[in-house]
Amino acid sequence: MDHQLLEALFRAYFKVRRISGGSHNQLDFEMDMERNLIELRDEIAAGTYEPSPSICFMLKTRTIRREIFAPAFRDRVVHHMICDQLAPLYERRFIADSYACRKGKGTCYAVERLEHHIRSCSENYTRPCYVLKLDIQGYFFAIDRSMLFEMIRTTLDAKWDDYRAAAVRPDRLFEKPLLLALIERILSSNPASNYVMHGNREEWKKIPPDKSLFHSLPGHGLPVGSLTSQLFSNIYMDSFDQYVKRTLKIKHYGRYVDDFFIVHEDRHFLQELIPHIRSYLKEHLHLTLHPRKIYLQEVRKGVGFVGAWIKPFRTYPGRRIIKSCNRMLFEAQQQEGNVSGYKLAASLNSYLGSMKQYDSYRCRRSIIERNLWIYRRGWMRTDYAKFTPDKSKK
């Protein structure tokens, strides 16, 4: 078993290493990588593993502040190992229209599926239909960790042996007690009591209480920033997905983390669903619908979802990404002499790459034509989809 655990840690380590940016924490770990992995194996096997302090910092724009808890490199290795064990089992259980943090899915897939549901329900926009869009208030910070662990334990008790027996490489899957003990250790630790803060503490006063782990109820909340939180958040909402699909018999439904939609031809039917959804979330998951984010509209008027704006037969980038791109270019122009062409290209191409997934040629052209100064730093492709910096102007 110790050999199997060490192999799993090595596989997880190489995965994390490929996607890491070479932080000081990672470099310290890699100075004696083999010894560190063996020590981690021994701690997990002996049941003495404790998560290291997380780095707490804030991502902010002019309108949004988001609290992030970045786990230490050694903990990221453990998180990847846990997800390697659990994710294939839950992939079989999740509904097809759960989009977040799943291989082959994501925001673009979520937009495509919403457009598909609208076209199907409206018979390709030949009859009226409506979309109900809802949001859960402070989702990550309201998750009941003890309830989440019971969900995972119940599933593993019922499915783990059959899952191992049917696996292509059953030797890579852990014994259930070891995996449950490791998950319980992760869920029982509270990053808000074991962290190193980067940034100004005064900034945290500007975060709403339902958006911070520091204000969560005891035993509640998952840290934003770790891989296990992404998987656990999908597991926590899976019972709600099953309720909507199997009990309410909703055909046109989809969810991305805590944002979800229902498309139907009857507006009153959607209005009557809201109390049922609110009641289920409150009674079974201890979650609350956001009172100011209930959107019910005829689909021809447009639907915004995960950064896109869907109209009949066309999909545009959302207003937020366009404003952010314009703001980034304005700020870069203000300090043009201090911004390298490579840094400008990295920022601009990230926005252009997001926008080109949708019907955005005229939008991209408009943005570039309002910022012709960028041609002093490089060249723009003729479809306004990629900026290449001038190598002679570092």
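## Close-up views of the predicted model

**View 1. A salt bridge between Glu203 and Arg65.** Glu203 counts as buried because its relative accessible area is 14%; buried means under 20% relative accessible area, exposed over 50%, and partly exposed in between, with a 1.4 Å probe and protein chains only. The model is predicted, so local features need pLDDT of at least 70 and side-chain atom pairs count only at pLDDT 80 or more, whereas totals for chains, interfaces and linings use all residues. Residues are numbered from 1 along each chain as its sequence is written, and side-chain values use heavy atoms, with hydrogens and water left out. The side chain of Glu203 forms a salt bridge with Arg65, and their closest N and O atoms are 3.2 Å apart; a salt bridge here is a side-chain nitrogen of Lys or Arg within 4 Å of a carboxyl oxygen of Asp or Glu. This pair links distant parts of the chain, 138 residues apart: Glu203 belongs to the loop between strand E4 (195-197) and helix H9 (227-247), and Arg65 to strand E2. Helices (H or I, at least four residues) and strands (E, at least two) are DSSP runs, numbered from the N terminus. Arg65 is partly exposed, as its relative accessible area is 26%. A search of the whole structure finds 21 salt bridges.

**View 2. A contact between helix H5 and the loop before it.** Arg113 and Asp97 form a salt bridge, with the closest N and O atoms 2.9 Å apart. The two residues are 16 residues apart and link distant parts of the chain, Arg113 lying in helix H5 (residues 107-121) and Asp97 in the loop between helix H4 (73-91) and H5. Asp97 has 6% relative accessibility and therefore counts as buried.

**View 3. A salt bridge within helix H5, and a network of four residues.** Glu115 and Arg119 both lie in helix H5, four residues apart, which is about one turn of the helix. Their side chains meet in a salt bridge of 3.7 Å, N to O. Which of the two partners is buried, and which is partly exposed? Glu115 counts as buried because its relative accessibility is 18%, whereas Arg119 is partly exposed, with a relative accessible area of 28%. In a separate group, Glu150, Arg153, Asp157 and Lys176 are joined into one network by salt bridges that share partners.

**View 4. Strand E3 and its partners.** All six of the six residues of E3 are buried, so this strand is largely enclosed by the rest of the structure. Both faces of E3 are covered: one side holds Tyr130, Leu132 and Leu134, the other holds Val131, Lys133 and Asp135, and all are buried. Strand E3 (residues 130-135) pairs with E6 in the antiparallel sense over six bridges; two strands pair if DSSP finds at least two bridges between them. E3 is also joined by four bridges to strand E7 (residues 295-298), and these two strands run antiparallel. Lys133 has Phe261 as its bridge partner in E6 and Tyr295 as its bridge partner in E7.

**View 5. Strand E6 and the hairpin with E5.** Five of the six residues of strand E6 (residues 259-264) are buried, so E6 is largely enclosed by the rest of the structure. Strand E5 (residues 253-256) and E6 pair in the antiparallel sense over four bridges, and Tyr253 stands opposite Ile262 in E6. The hairpin of E5 and E6 has two residues between the strands, and in this hairpin Val257 takes a positive phi near 55°. Val257 is buried, since its relative accessible area is 14%.

**View 6. Positive phi at Tyr125.** What is the phi of Tyr125? The phi of Tyr125 is near 65°, a positive value in a residue other than glycine. Tyr125 is placed in the loop between H5 and E3. With 3% relative accessibility, Tyr125 counts as buried.

**View 7. A positive surface patch.** Arg66, Lys211, Arg292, Lys293 and Arg320 form a positive surface patch. Patches are made of residues with over 30% relative accessible area and no salt bridge, with like charges joined within 9 Å and nonpolar side chains (Val, Leu, Ile, Met, Phe, Trp, Tyr) within 5 Å. Lys and Arg count as positive and Asp and Glu as negative, while His and the chain ends are not counted. One member of the patch, Arg66, lies in strand E2 (residues 65-70). Arg66 counts as partly exposed because its relative accessibility is 45%.

Note on methods. Areas by Shrake-Rupley, 256 points an atom, 1.4 Å probe, with all protein chains shown as cover. Charge placed at Lys NZ, Arg CZ, Asp CG, Glu CD.
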